[in-house]
Amino acid sequence: MTNVLVLVDHVEGELKNTTLELITAARVFGTVGAVVVGAPGTAEKLQGDLAAAGAETIYAAEADHAASLLVTPSVDALHTMAAHLQVPVLVSATATGNEIAGRTGARVASGVIYDASSIDADRNAQIGIFGGEYTVTATAAGASPVFTLRPGSVDPVAEAASGTIQAVELPAAGPTAVTITSFAPAEQGDRPELTEAKIVVSGGRGVAGAEGFENVVEPLADVLGAAVGASRAAVDADYYPGKFQVGQTGSTVSPNLYIALGISGAIQHKAGMQTSKTIVAVNKDEEASIFEIADFGVVGDLFNIAPQATEELKARK
């Protein structure tokens with residue numbers, strides 16, 4: 001008996017860490033069913049990893065067109081299973097995941113809660129409101145409430161299950177379906193993906209330019225094996241590409257360690273990172289609001305402090 005459905009995030013036959021987080025969080029409802037959407041054979045490739053993570057049943061929503069359509073196949077699969085089982089649905093809180101969640105909730109006539117940091121067995125979720133200034137408990141109504149879980153908010157815990165594959169029929173593509181005509185992976189280099197990284201080093205306007213990111217932020221990130229982030233002010237000033245923006249209008253992150261260099265701490269930025277486990281802030285302005293949420297704050301010149309930290313870390317390796 002499946003008590004909760006999880007939409008599987010996967011890329012080229014590999015599970016994303018967000019899927020492991022979703023399965024862990026979903027266990028509060030009971031037995032987990034993992035929904036795999038993709039071309040024929042995708043579920044079989046992922047079966048071992050999903051079983052090890054804790055998926056009792058793997059619902060294989062596979063079709064030749066599944067990988068070439070945007071969003072629709074995932075919505076169709078979740079709608080089919082949720083309407084039949086009438087159980088909660090968990091999706092990763094990414095841009096794509098949030099759209100899938102909204103469409104699924106509309107189809108099954110149930111409420112949708114976005115960007116939850118935790119979920120309990122009574123279908124309550126902790127979410128941030130007013131730019132993350134307040135945390136509230138929200139409950140979604142309906143037979144199949146849909147939750148999107150903030151990446152990094154749950155530490156994955158493996159719990160082996162049977163991982164039995166069950167086929168799910170996907171409908172043919174409708175006239176309004178959006179077809180993907182080409183695909184190119186984003187250039188990430190050797191650094192972890194921003195939303196999945198355990199450590200993030202971010203720069204703000206105080207970095208003073210693209211050279212500051214290249215000479216100060218990136219070296220510290222590399223020695224820590226971290227992802228690089230940027231504040232909206234830094235992105236707007238063309239210091240760093242927009243895809244690395246952290247905040248309410250960028251990516252939401254919850255790493256184990258978040259280092260903020262030259263970031264004042266605007267509300268929209270804090271909304272995207274304040275659930276990080278440990279926050280370290282470096283800013284020359286002792287009144288900067290980033291210090292209000294920082295676990296460790298350093299008042300000083302980041303151009304002196306960050307390079308010293310980088311060299312010390314190198315020496316300790």
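Two rings of Phe, Tyr or Trp count as a pair here if their centres lie within 6.5 Å. That cut-off comes in handy for one of the close-ups below, all taken from a predicted model.

**View 1. The whole chain, before we zoom in, has eight helices and 17 strands.** Its radius of gyration is 21 Å, close to the 20 Å that the globule rule gives for 317 residues, so the chain is as compact as a globular protein of that length. Along its principal axes, the C-alpha trace spans about 60 × 40 × 40 Å. Of the 317 residues, 49% count as buried. If you look at contacts between residues at least 6 apart in sequence, 67% of them join residues at least 24 apart.

**View 2. Three aromatic rings, those of Phe-213, Tyr-240 and Phe-244, are linked into a cluster by ring pairs.** A search of the whole structure turns up three aromatic pairs. In one of them, Phe-213 and Tyr-240 are stacked, with 4.5 Å from centre to centre and 15 degrees between the planes. Phe-213 belongs to helix H5 (residues 210-224), while Tyr-240 sits in the loop between helix H6 (232-236) and strand S15 (257-261), so this pair ties together parts that are 27 residues apart in sequence. Tyr-240 also meets Phe-244: their ring centres are 5.2 Å apart and their planes stand at 55 degrees, so that pair is tilted. How exposed or buried are Phe-213 and Tyr-240? Both are buried; for Tyr-240 the relative accessible area is 12%. Phe-244 is buried too, with a relative accessible area of 15%.

**View 3. Strand S5 (residues 55-62) is mostly covered, with six of its eight residues buried.** On one hand, S5 pairs with strand S4 (residues 32-38) in the parallel sense, over seven bridges. Look for Val-37, whose bridge partner in S5 is Ala-61. To get from S4 to S5, the chain passes through helix H2 (residues 42-53), and this β-α-β crossover is right-handed. S5 also pairs with strand S12 (residues 164-168), again in the parallel sense, this time over five bridges. Here Ala-60 has Ala-167 of S12 as its bridge partner.

**View 4. The largest nonpolar core holds 30 residues, and Leu-50, Leu-90 and Ile-119 touch the most other members.** Several elements each supply at least two residues of this core, including helix H1 (17-26), H2, S4, S5 and strand S7 (112-116). That fits a general habit: in soluble globular proteins, nonpolar side chains tend to be buried together. Which residues does Ile-119 touch, leaving out those up to four places away in sequence? They are Val-28, Phe-29, Leu-90, Asn-124, Ala-125, Phe-147 and Leu-149. There is also a second, separate core of 24 residues, with Leu-7, Ala-77, Val-89 and Val-108 among them.

**View 5. Strands S8, S9 and S10 form an open sheet in that order, with antiparallel pairing.** Strand S8 (118-119) and strand S10 (134-139) are at the edges with a single partner strand each, so one side of each has no neighbour in the sheet. S9 and S10 pair over six bridges, in the antiparallel sense. To find your place, pick out Asn-124, which stands opposite Thr-139 in S10. Asn-124 turns up in the previous view as well, as one of the residues that Ile-119 touches.

Note on methods: Residues are numbered from 1 along each chain as its sequence is written. This is a predicted model: local features need pLDDT of at least 70, side-chain atom pairs count only at pLDDT 80 or more; totals for chains, interfaces and linings use all residues. Side-chain values use heavy atoms; hydrogens and water are left out. Buried means under 20% relative accessible area, exposed over 50%, partly exposed in between (1.4 Å probe, protein chains only). Helices (H or I, at least four residues) and strands (E, at least two) are DSSP runs, numbered from the N terminus. Two strands pair if DSSP finds at least two bridges between them. A crossover is right-handed if, with the strands pointing away from the viewer, the path from the first strand over the helix to the second runs clockwise. A nonpolar core is a set of buried Ala, Val, Leu, Ile, Met, Phe, Trp, Tyr and Cys residues joined through side-chain atoms within 4.5 Å. Contact means heavy atoms within 4.5 Å. Rings of Phe, Tyr and Trp (its six-membered ring) pair if their centres lie within 6.5 Å; planes under 30 degrees apart count as stacked, over 60 as edge-to-face and the rest as tilted. The radius of gyration is taken over C-alpha atoms; the globule rule is 2.2 Å times the number of residues to the power 0.38.
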